[in-house]
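Dear colleague,

Please find below the structure that I am handing over to you. My account of what was found in it follows directly after.

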Amino acid sequence: MSIHSANPFADPINEPARQLRGRLGARVTVWAAGDLDGDAAGLTVSSMMVVPGDPWRVTGLVNVDSDLAEVIAGTRRVTVTLLDGSDEEISDTFSGALPSLGGPFRRGDWLDSPWGPHLAGRTWAGAQIEETRPLGWLNQVTGALREVGITDAAAPLHHIRGRYRVL
């Protein structure tokens, strides 16, 4: 993963579609796959939704050039961790905006699961990937939820209009 000098969440002033998306607001998550002792990769994702059904599904937009896209293609599994207000640095690290010596999983207390790494003490889900398809400049990744761990988030982290907000 490379470190970017620009804020990956920044909305260019003259691009109305990005401004529209920024005004929707979104919960900040980290999608991760692989094993902490090997090929683990993760990415900050806020363009996602949980879809009811039997089974329930999660679908999100993942950068096609990310390490995560490559690991998901191999493992066909992913975790989704919902970040809290104290996790801004973790979000920035996994988005590539903030460096982390030793890799992004050095920030926070990450645990391995059969679906990939997840952040301890946070709500998370593990999914079996069913489909990955191009959508715009990204991949839409859809997986069936296989495991869900719920915690009480007193201060969930959101991203609205180019800034973090705790709601």
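In this predicted model, the buried residues of helix α2 are covered by elements that include the strands β2 (29-33), β3 (41-45), β5 (57-63), β6 (77-82), β9 (124-135) and β10 (138-149). The helix itself spans residues 67-75, and its buried residues are Leu68, Ala69, Val71 and Ile72. Viewed down the axis of α2, these buried residues fall within an arc of 165°, so they line one face of the helix. The face turned away from that buried side carries Glu70, Ala73 and Gly74, which are exposed.

The surroundings of α2 lead on to the nonpolar cores. The largest nonpolar core has 18 residues, and those with the most contacts inside it are Trp31, Val58, Val62, Leu68, Ile72, Val78 and Val141. Two or more residues of this core are given by each of β2, β3, β5, α2, β6, β9 and β10. Helix α2 provides the largest share of the core, namely 4 residues. Leu68 and Ile72 therefore appear twice in this account: they belong to the buried residues that line one face of α2, and they are also listed among the residues with the most contacts inside the core.

Which residues does Val78 contact, leaving aside its neighbours within four places in sequence? They are Trp31, Ala32, Ile72, Trp115, Ala125, Gly126, Ala127 and Ile129. Apart from the largest core lies another core, of 11 residues, among them Ala32, Trp110, Leu119 and Leu157.

Trp110 also takes part in the aromatic pairs, of which there are 3 in the model. The rings of Phe94 and Trp110 have centres 5.3 Å apart and planes at 55°, so this pair counts as tilted. The pair links distant parts of the chain, with Phe94 in helix α3 (residues 88-95) and Trp110 in strand β7 (residues 110-111), 16 residues apart. Both Phe94 and Trp110 are buried. For Phe105 and Trp110, the ring centres are 5.2 Å apart and the planes lie at 85°, so this pair is edge-to-face. Phe105 is buried, as is Trp110. Together, Phe94, Phe105 and Trp110 form one aromatic cluster.

Some points of backbone geometry remain, and I would ask you to look at each of them in the model. The peptide bond from Asp54 to Pro55 is cis, with omega near 10°. Pro55 is placed in the loop between β4 (48-51) and β5; strand β5 is also one of the elements that cover the buried residues of α2.

Arg76 comes just after α2 and takes a positive phi of about 60°, in a residue other than glycine. Its place is in the loop between α2 and β6. Is Arg76 buried, exposed or partly exposed? Its relative accessibility is 29%, so Arg76 counts as partly exposed.

Arg161 likewise has a positive phi, near 55°, and is a residue other than glycine. It is found in the loop between β11 (157-160) and β12 (163-166). With a relative accessibility of 49%, Arg161 also counts as partly exposed, since exposed requires over 50%.

With kind regards

Terms used: Residues are numbered from 1 along each chain as its sequence is written. This is a predicted model: local features need pLDDT of at least 70, side-chain atom pairs count only at pLDDT 80 or more; totals for chains, interfaces and linings use all residues. Side-chain values use heavy atoms; hydrogens and water are left out. Buried means under 20% relative accessible area, exposed over 50%, partly exposed in between (1.4 Å probe, protein chains only). The arc is that of the directions from the helix axis to the C-beta atoms. Contact means heavy atoms within 4.5 Å. A nonpolar core is a set of buried Ala, Val, Leu, Ile, Met, Phe, Trp, Tyr and Cys residues joined through side-chain atoms within 4.5 Å. Rings of Phe, Tyr and Trp (its six-membered ring) pair if their centres lie within 6.5 Å; planes under 30 degrees apart count as stacked, over 60 as edge-to-face and the rest as tilted.
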